Amino acid sequence: MKKALLIVHHYKPEKDKLWGSLATDYATSDMIKNIADLFPDHDWRPATIAEARQILRKFDIDRLLLVPMLKEYAEELDAYPDVHVDCLTPDIYGKISKPPFAFLRKEYLN
């Protein structure tokens, strides 16, 4: 399964033995679940910008998805080899960050 990161400002982490942290706060864990529904062929985990930089040196990451507030980092993160960077639009972010999750298609990402 391909590895993917949801880049967020902050979250409450819990260490995962396989490859990093899991979110224990409801907002981030709901977003991870909802994004996993959009991209079921990816193994998603949250990361801050600082964590993402470290993870990108350690693991082969296929996809990064940034929340709208972190869109300014897209160009920097896109410079890492073999990683696809997307940014959530504010309206999609609002829908993904709240349950119940309305089905969204990949073309809604910009």
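Here is a walk through the fold of this single chain, from its overall layout to a few individual residues.

**The overall layout**

Keep in mind that this is a predicted model. The chain has four helices and six strands, and if you read along the sequence they come in the pattern β-β-β-α-β-α-β-α-β-α. There are 110 residues in the chain, and 45% of them count as buried. As for the outside, the accessible surface comes to about 6500 Å², with 54% of that belonging to carbon and sulfur atoms.

How much of the contact network joins residues at least 24 apart? Taking contacts between residues at least 6 apart in sequence, the share is 55%.

**The sheet**

Four of the strands form an open sheet, in the order β4-β1-β5-β6, and the pairing is parallel. At the edges sit β4 and β6, each of which pairs on one side only. Going from one strand to the next, the twist averages 20 degrees. As a general reminder, strands of a sheet pair through backbone hydrogen bonds, either parallel or antiparallel.

Here is how the three pairings look, with bridge counts and some of the residues that face each other.

| Strand pair | Sense and bridges | Residues opposite each other, including |
|---|---|---|
| β1 and β4 | parallel, six bridges | Lys3 and Asp43 |
| β1 and β5 | parallel, four bridges | Ala4 and Arg63; Ile7 and Leu66 |
| β5 and β6 | parallel, four bridges | Leu64 and Val85; Arg63 and His84 |

Arg63 is a handy residue to follow across the sheet: Ala4 stands opposite Arg63 on the β1 side, and His84 is the residue that Arg63 faces in β6.

Now for β5 itself: which residues cover its two faces? Arg63 and Leu65 are on one side, Leu64 and Leu66 are on the other, and all of them are buried. So both faces of this strand are covered, because the residues on either side fall under the 20% relative accessible area that counts as buried.

**A helix across the strands**

One helix to look at against the sheet is α2. It lies across β1, β4 and β5, and it runs at about 135 degrees to β4. A link between these parts of the chain shows up in the pair Leu5 and Ala52: they are 47 residues apart in sequence, yet their C-alpha atoms are 7.5 Å apart in space.

**The nonpolar core**

The largest nonpolar core has 32 residues, and those with the most contacts inside it are Leu5, Leu6, Ile7, Trp44, Leu64, Leu66 and Leu77. The elements that give two or more residues to this core are β1 (2-7), α1 (26-38), β4 (42-47), α2 (49-58), β5 (63-66), α3 (74-78), β6 (84-87) and α4 (90-96).

Leu5 makes a good example. Its place is in strand β1. Why does Leu5 count as buried? Its relative accessibility is 0%, so Leu5 comes in under the 20% cut-off.

Trp44, another name on that core list, also takes part in an aromatic pair. A search of the whole structure finds one such pair, and it is formed by Phe39 and Trp44: the rings are tilted, at 5.8 Å centre to centre with 50 degrees between the planes. Those are the usual terms, as a pair of aromatic rings is described by the distance of the centres and the angle of the planes. Phe39 and Trp44 are both buried.

**Two exposed loop residues**

On the outside, have a look at Glu72 and Asp82. Glu72 is found in the loop between β5 and α3. Is Glu72 buried or exposed? Glu72 is exposed, because its relative accessible area of 63% is over the 50% that the term requires. Glu72 and Cys87 are 15 residues apart along the chain, and their C-alpha atoms are separated by 9.6 Å.

Asp82 is in the loop between α3 and β6. With a relative accessible area of 74%, Asp82 is exposed too, again because that value is over 50%. The backbone of Asp82 deserves a glance as well: phi is near 60 degrees, a positive value in a residue other than glycine.

Definitions and conventions
Residues are numbered from 1 along each chain as its sequence is written. This is a predicted model: local features need pLDDT of at least 70, side-chain atom pairs count only at pLDDT 80 or more; totals for chains, interfaces and linings use all residues. Side-chain values use heavy atoms; hydrogens and water are left out. A nonpolar core is a set of buried Ala, Val, Leu, Ile, Met, Phe, Trp, Tyr and Cys residues joined through side-chain atoms within 4.5 Å. Buried means under 20% relative accessible area, exposed over 50%, partly exposed in between (1.4 Å probe, protein chains only). Two strands pair if DSSP finds at least two bridges between them. Axes are lines fitted to C-alpha atoms, for helices over the stretch in contact, and angles run from 0 to 180 degrees between N-to-C directions. Contact means heavy atoms within 4.5 Å. Accessible areas come from the Shrake-Rupley method with a 1.4 Å probe; for residues, only the protein chains shown count as cover. Rings of Phe, Tyr and Trp (its six-membered ring) pair if their centres lie within 6.5 Å; planes under 30 degrees apart count as stacked, over 60 as edge-to-face and the rest as tilted.
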